[in-house]
Amino acid sequence: MLESQDRRLRQRDYLLRLARAMAAQLDAEPLLNLVIAQAVELLAGNYGLIALINPASMLEIRAAYGLPASGWPAFNDMLRVLDVEGPQSPRLGGELATAANTLNLPLRQAVALPLVVGEEQVGILIVLRAALNVGFTNDDRQLLGAFVDFAAIAVNNAQLYAEAVTERSRLDEIIEQSADGMMMLDVRWRIIRFNAAMERLTGWPRAEAIGRPCAEVLAIHNTQGINLCLTACPLQVYPPEAHPAIEGWVTHRDGHELYVGSSYSATRDAAGRFMGAVANVRDLTAQKREEELQSTFISVMSHELKTPVAIIKGYAGTLRRTDVQFDESTHQELLTGIEEEADRLGRLIGDLLEVSRMQAGGLRLHPSEWDLAELSGDVVSAFAATSDDRFEFQLRFEEALPAVYGDAERIRMVLNNLISNAIKYSPNGGVVRVGGWQDGTHVMAYVSDEGIGIAPDELTKVFSPFYRVDNRLARETQGAGLGLYLTKAIIEAHGGRIWVDSTLGRGSRFIWTLPVAALSLPEVKPEVGPAAAATDSTAPAATAPDSGNDSTSIIKTTPNSSEA
Ligand code: ADP
């Protein structure tokens, strides 16, 4: 009697220690190994198995004692029987013998107990003995029963923990992969998480951003440079807003500015005190620029449209006066004024339509093969006929220039824009040159002038919509700042590029490329042999002459032009 009491006390003590060890272990795999090793030891067994119910509701071995993983499939039939008929199944012995045979191991006695949490069975635990004559007693079963109750809870906790870890890493992955910037703030507004998109948006590496105040890293500011995160943080409003958000400019660490919208979701304690927040930061630069463009568009257009209309109205009003007798030349002058302003209005409306067409779905080209030198000659002749004699026009195209492939009418517009700018921005006149040469798969063409030139920091800006260099001449001349924007769009729609070289006060040279027709539309030609091929005018030139090189030939000049 005393002996059995003593044994029970020792067992209780043992179970308690075991329970503590199991509760301390949150990783499922080491915990299962610990449980099965202890169960085998507790019952003086030789082998043991733990099978858990997997997502497909089947028992699946997850840990074993004394049995290598390669041998686990030998127990599949036994597990199926236990699953269907329960741990007391009379077929357990038979199935065990089959597994013993397959594995060639002395598996002779088995005791199986379900792992149950609450009402639900989560798995099964089996202890095996090798000895023939030592069967499991009821005492053994009771002892294992008490142990299994602890084990089931510990295993279940470990599984819940593993699920939570998986869930968290999935969440981490989502946060990390999010296209929007996401950061988490602690109770003191310091950054505790910073995803990859945040790194891209701000240029701050997360290692540096974490631990710093969000107002320092994000530092959303208005156009006056006032840090809104310090002066107008939406999380510091009382009473708290339902959807705190802020928009403004952010300076990337490389110096470029971007416009962002940052929305927050704050956590607060029962007393409403701020406990932390998650910020979602979205790059709105494109939309902002679009909005700005729209408002510039309206102000530029209303100014540009109003001016010729006012002039036309003024001329017409003058012509209608009955109290004045105009001589024929004044009459003609007033009518010419009306005509010129109407033309300007027409061009402006044309540009506007072109821009809106472009924004609605890109430029539609009607390409064909044609000669760029010839088209340039036509355009230059028209300018030469109408411009004053301070200007001299030269055409400098390589003689064997191949045909280009493109939309001739659009390229005529490009030439018109570039040549009219060359004239407009050359207040003292000078030579306007238009030329080109072949450069591999492209024809390089240019329009140069000897006008006021463009400062280095304006060289790329002049291609932006509505951009006009702020100088006296730009203020005095008419223009909406759309010409070069459209020119660039047309050239790029052809697969070409355009840029400008310039020296302030000396002049500018706009250079652009167009694809060579023979390369764009490969023609199937009969074999001609090396001699004939050498005379093929569409074959790429071995060396492309420089545009300023004197080897370029003047194929056409206006009557008053001379070779430079
Ligand atoms: P616009 O001439 O109507 O102002 P553009 O888009 O054609 O518009 O040109 C944009 C700006 O680029 C002009 O306002 C002018 O300041 C500058 N620019 C264009 N062409 C030249 C040039 N050939 N020489 C000097 N500045 C030029």
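In this predicted model, Pro 239 is found in the loop that runs between helix H9 (228-231) and strand E7 (245-251). The peptide bond that joins Tyr 238 to Pro 239 is cis, with an omega of about -5°. A further backbone feature concerns Ala 44, which is not a glycine and nevertheless has a positive phi, of about 50°. Ala 44 likewise belongs to a loop, namely the one between helix H2 (28-42) and strand E1 (47-53).

With regard to the ligand, the model places it in the largest pocket. The elements that contribute two or more residues to the shell around the ligand are helix H13 (408-424), helix H15 (483-493) and strand E16 (507-515). In total, 19 residues surround the ligand, and the closest of these are Asn 421, Tyr 425, Asp 449, Arg 468 and Leu 484. When the residues of this shell are sorted by character, 10 are nonpolar, 6 are polar and 3 are charged.

Contacts between the protein backbone and oxygen atoms of the ligand were also examined. A polar backbone atom of Leu 484 lies 2.7 Å from an oxygen atom of the ligand, while a backbone N or O atom of Val 469 is found 3.1 Å from a ligand oxygen. For Gly 483, the corresponding separation between a backbone N or O atom and an oxygen atom of the ligand is 3.2 Å. Of the 530 Å² of accessible area that the ligand has on its own, 97% is covered by the protein.

Attention may finally be turned to charged side chains. Side chains of opposite charge can pair when their charged atoms come close. The structure holds 21 salt bridges, and one of these is formed by the side chains of Arg 344 and Glu 341, with a distance of 3.4 Å from N to O. Both Arg 344 and Glu 341 are part of helix H11 (residues 328-361), where they are 3 residues apart, a spacing of about one turn of the helix.

Terms used: Residues are numbered from 1 along each chain as its sequence is written. This is a predicted model: local features need pLDDT of at least 70, side-chain atom pairs count only at pLDDT 80 or more; totals for chains, interfaces and linings use all residues. Side-chain values use heavy atoms; hydrogens and water are left out. A residue is near a molecule or strand if one of its heavy atoms lies within 4 Å of it. A polar contact is a pair of N or O atoms within 3.5 Å; within protein, one must be able to donate a hydrogen and the other to accept it, and residues adjacent in sequence count only if both atoms are side-chain atoms. Accessible areas come from the Shrake-Rupley method with a 1.4 Å probe; for residues, only the protein chains shown count as cover. On a 1 Å grid over the protein atoms alone, a cavity is a set of points where a 1.4 Å probe fits but cannot get out, and a pocket is an open set with protein on both sides within 12 Å along at least five of seven lines; lining residues have an atom within 4 Å of a point. A molecule sits in a cavity or pocket if more than half of its atoms lie within 2 Å of its grid points. Helices (H or I, at least four residues) and strands (E, at least two) are DSSP runs, numbered from the N terminus. Ala, Val, Leu, Ile, Met, Phe, Trp, Tyr, Cys and Pro count as nonpolar, Asp, Glu, Lys and Arg as charged, and the others, Gly among them, as polar. A salt bridge is a side-chain nitrogen of Lys or Arg within 4 Å of a carboxyl oxygen of Asp or Glu.
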